[in-house]
Amino acid sequence: PTANEAGQVKVIRMTATTATNAVTLALTNVSGGTQATSASFDAAAETLIVVAAGNKWGVIKELGVTLS
């Protein structure tokens, strides 16, 4: 994140899926949680919440998302 994004919160949510259609999101500059490099969503309503803090995105909450 940039200095202008400090404090900004991003909510990333899987709104719908069919069968076993998993989605993997590459993560960069993430701290907290497991300091993961990817987030996998495989069911509707799975959610990842991050906040911009300095030059990193801090994981606030992960609901059903697999971080690795």
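Here is a guided walk through the structure above, from its overall build to a few single residues. This is a predicted model, in which local features need pLDDT of at least 70, side-chain atom pairs count only at pLDDT 80 or more, and totals for chains, interfaces and linings use all residues. Residues are numbered from 1 along each chain as its sequence is written, and side-chain values use heavy atoms, with hydrogens and water left out.

Let us begin with the secondary structure. The chain has zero helices and seven strands, so its pattern along the sequence reads β-β-β-β-β-β-β. Here, helices (H or I, at least four residues) and strands (E, at least two) are DSSP runs, numbered from the N terminus. That numbering gives us the names S1 to S7 used below.

Next comes the overall shape. The C-alpha trace spans about 40 × 20 × 15 Å along its principal axes. For 68 residues, a compact globule would have a radius of gyration near 11 Å, and the 12 Å of this chain agrees with that. The radius is taken over C-alpha atoms, and the globule rule is 2.2 Å times the number of residues to the power 0.38. Of the 68 residues, 26% count as buried. Buried means under 20% relative accessible area, exposed means over 50%, and partly exposed lies in between (1.4 Å probe, protein chains only). The accessible surface comes to about 4200 Å², and 53% of it belongs to carbon and sulfur atoms. These areas come from the Shrake-Rupley method with a 1.4 Å probe; for residues, only the protein chains shown count as cover.

How do parts of the sequence meet in space? Among the contacts with a separation of 6 or more, 57% are between residues 24 or more positions apart. Contact means heavy atoms within 4.5 Å.

Now to the sheets. Strands of a sheet pair through backbone hydrogen bonds, either parallel or antiparallel. Two strands are said to pair if DSSP finds at least two bridges between them.

One open sheet is made of three strands in the order S2-S4-S7, with antiparallel pairing. S2 and S7 (66–67) stand at the edges with a single partner strand each, so one side of each is left without a neighbour in the sheet. S4 and S7 pair over two bridges, and you can find one of the partnerships by looking for Ala 39 and Leu 67.

Another open sheet has four strands in the order S1-S5-S6-S3, and its pairing is mixed. Its edge strands are S1 (9–13) and S3, each of which pairs on one side only. What makes the pairing mixed becomes clear when we follow S6 (residues 56–63). S6 and S3 pair in the parallel sense over two bridges, with Val 30 partnered by Trp 57 and Ser 31 by Gly 58. S6 and S5, on the other hand, pair in the antiparallel sense over seven bridges; one of the partnerships joins Thr 47 and Leu 63. S5 and S6 form a hairpin with two residues between the strands, where Gly 54 takes a positive phi near 70 degrees.

The loops deserve a visit too. Asn 29, in the loop between S2 (23–26) and S3 (30–31), has a positive phi of about 55 degrees although it is not a glycine. Asn 29 is partly exposed, with a relative accessible area of 43%. Ala 45 has a positive phi as well, about 80 degrees, and is not a glycine either. You will find Ala 45 in the loop between S4 (38–41) and S5 (47–53), partly exposed at 37% relative accessible area.

Which residues does Thr 17 touch beyond its neighbours within four places in sequence? They are Asp 42, Ala 43 and Ala 44. Thr 17 sits in the loop between S1 and S2 and is partly exposed, at 28% relative accessible area. Thr 17 and Ala 45 are 28 residues apart along the chain, while their C-alpha atoms are separated by 9.5 Å.

Our last stop is Gly 64, in the loop between S6 and S7. Gly 64 counts as partly exposed, at 48% relative accessibility. From Gly 64 to Ala 26 there are 38 residues in sequence and 17 Å in space, C-alpha to C-alpha.
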